[in-house]
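Grab a coffee and pull up the viewer. Here are a few exercises on rings, charges and cores, each with a worked solution.

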Amino acid sequence: MVEKNTVNRKKDLTLMVVGLVVILMVNYIGSFAFERFDLTSEKRYTLSETSIGLSEGLEDIVYVKVYLEGNFPAGFKRLRDETKEMLDEFRAYSNGNIEYEFINPSESSDKKIRDKIYKQLHKQGLRPTDLNTKTDDGFSNKIVWPGAVFTYRGQELPVQLLKSQIGVGSESMLNGSIESLEYEIANAINNLTVVDVPKIAFIEGHGELSDLETASLATALAEFYAVDRISLDQNLNSLTERYMIDSTQSYKVKVKYDAIIIAKPLEKFPEKDKFIIDQYVMYGGRVVWLIDPVFASMDSLATADITMALPIDLNLNDQLFTYGVRVNANMIQDIQSAPIPIVTGVVGNQPKTEMFPWFFFPLLTPANNHPIVNNLNALKGEFVSTIDTIAKKGIRKTPLLKTSQHSKVSSAPTRISLEIVRFEPDQTQFNKGRQLTAVLLEGEFESVYKNRLTPQIEDANEISFKAKSVPNKMVVISDGDVAKNHVNKSTGEYLSLGFDRFTRQEFGNKDFMLNVMGYLCDDSGLMIVRSKKLKIRLLDKTVLKNDKFDWQLINTILPIGLILLFGVAHYYDRKKKFTK
């Protein structure tokens, strides 16, 4: 018996030594070979090559302050936990160059201190969310700041982690926010560490939106790009630079700007300006076209109940048609629309106003899950027209924005009257379905001037005419007001792009424009990360309500019972073994 026990002890010691050696060997190999395993079915914790490259390329510490700490409902706790896990993934590849902390901005019981912190967060660019939580006494309201501030070498960049979407349930909205986490973190790191800042320009000289009307967008873009405003002035070198190559006496052409924005022109484009833009496209320049083919203004309705929407000849139809689209001279009305205040009477000596849906201000929603519009809030449109796509060989068209199913289309010229808000809409007239209002074009574009120039111009070295573009992309939007912020004409102050001063609601106009520019100017593939999809695995609330006690009992008794059963079985097994 003693001899048998000695053999067992030696066997146990041998197994223990072997186990320790294996553990040491695994740790030693792990110090040279780095690998992470993602066991989720949709690979939610597997970073893209672009994200990994950004983390590995960090030369200094990126410090992240996440304002998602506190007593939250389950959904916000999930967003907090997923944010932490995603930051851990980035940190694992960063050689220690990513650090973070989670902060509760509402931690102080002193209201003055809380308000001071809230003002600072708002100044840094974060937006709060009002959260109603159920308590024993009813409901309580608390302010949550679901965002983060990234800091790198003295630069700060705010990131909104919760993506608001009109008409979307809270669970879907939170899931969409979680889907966007990798992109938001990677994009913040990229924007803070980029060396060669892309250059973009607003085109002016054809009645485009003024610098005040695009101030909010320009300010937002200036965080990521070098922003300029230029007038073409029929100058061939306004968008491109030409270098003479001495050995061949020919010219090399290079674009001056990565992208240009043509925002709501109202005047006709001269042919030479069209040629300059066309050749800019041919040599790889990206364009955002914000075109209103019909002129209509709310200013006209300030003094009268009726105005007319009239077609505008911008001399751009042939150019856009050649690239693959047609912006139609019509006007969309949509039951799903933004409201405006209408005076309905007088109380005492004060006018009484009520909010009515204004069908000419449709809410534009994503047409698909393309990275530009994935998880995007609805945009506010103003006097929007429809877009048709044209079959062009080698050009891929991707719809971006559409109206709701309950749309109506009227050809211009058409009458616009405030009287329509006083009557219930006839649903049978709003039957045109979802109308396309923004489209992405990608491919090799053909010049609108192909076979239209004399041989002398086509062959002139100093002009360097190009008949077909390099692989390129552009976005066409049939509403120039998508990029326009409200301006107080008396003070010169302006509101944030997408902020509606009547409803105090933030629409997705700014995010959309930033996404458009990000997609057009990004050649690293970072925007593709935005299309990542995660499965929502929600509890069945009906089953949870009816069988709550049963599941609580099972989850409490079953683990304890299994442990007790294992202990009893182990006891009798040892008793049987040592009795022999």
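The exercises below go from confidence to ring pairs, and then to the nonpolar cores.

**Exercise 1. Find where this predicted model is most and least confident.**

Start with the whole chain: its mean pLDDT is 85, and 87% of the residues reach 70 or more. Next, look at the extremes. Strand β12 (residues 286-290) has the highest confidence, at 98, while helix α12 (residues 541-546) has the lowest, with a mean of 59. Keep in mind that predicted coordinates should not be read in detail where pLDDT is low.

**Exercise 2. Classify the aromatic pair of Phe 275 and Tyr 449, and work out which parts it ties together.**

Step one is geometry. The structure holds 11 aromatic pairs. In this one, the ring centres are 5.4 Å apart and the planes make an angle of 70 degrees. Over 60 degrees counts as edge-to-face, and that is the label for this pair.

Step two is location. Phe 275 belongs to helix α8 (residues 271-282), whereas Tyr 449 is in the loop between β24 (436-443) and α10 (455-458), so the pair ties together parts that are 174 residues apart in sequence.

Step three is burial, with the cut-off under 20% relative accessible area. Phe 275 has 12% relative accessibility, so it counts as buried. Tyr 449, at 5%, counts as buried too.

**Exercise 3. Do the same for Trp 358 and Phe 360, then look for a cluster of rings.**

Here the centres are 5.2 Å apart, with 50 degrees between the planes, and the pair is tilted. Trp 358 comes out at 0% relative accessibility, so it is buried; Phe 360, at 3%, is buried as well. Now follow the ring pairs: they link Trp 358, Phe 360, Phe 361 and Phe 383 into a cluster.

**Exercise 4. Find the rings that Lys 199 and Lys 473 sit over.**

Take Lys 199: its charged end sits over the ring of Tyr 257, 5.4 Å from the centre. Then take Lys 473, which lies over the face of Tyr 519, at 4.5 Å from the ring centre.

**Exercise 5. Which residues touch the most other members of the largest nonpolar core?**

Of the 72 residues in this core, Phe 512 and Met 513 do. Then ask which element gives the most: helix α11 (residues 509-521), with 8 residues. Leaving out residues up to four places away in sequence, the contacts of Phe 512 include Ile 372, Leu 400, Ala 438 and Val 482. Finally, there is another core apart from this one; it has 32 residues, among them Ile 260, Tyr 280, Val 287 and Met 474.

Technical notes
Residues numbered from 1 in each chain as written. Predicted model: local features only at pLDDT ≥ 70, side-chain atom pairs only at ≥ 80, totals over all residues. Heavy atoms only, no water. Phe/Tyr/Trp six-rings, centres within 6.5 Å; stacked < 30°, edge-to-face > 60°. Helix = DSSP H or I, 4+ residues; strand = E, 2+ residues; numbered from the N terminus. Buried < 20%, exposed > 50% of the residue type's maximum accessible area, 1.4 Å probe, protein only. Lys NZ or Arg CZ within 6 Å of the ring centre and 35° of its normal. Core = buried A, V, L, I, M, F, W, Y, C linked by side-chain atoms within 4.5 Å. Contact = heavy atoms within 4.5 Å. pLDDT = per-residue confidence, 0-100.
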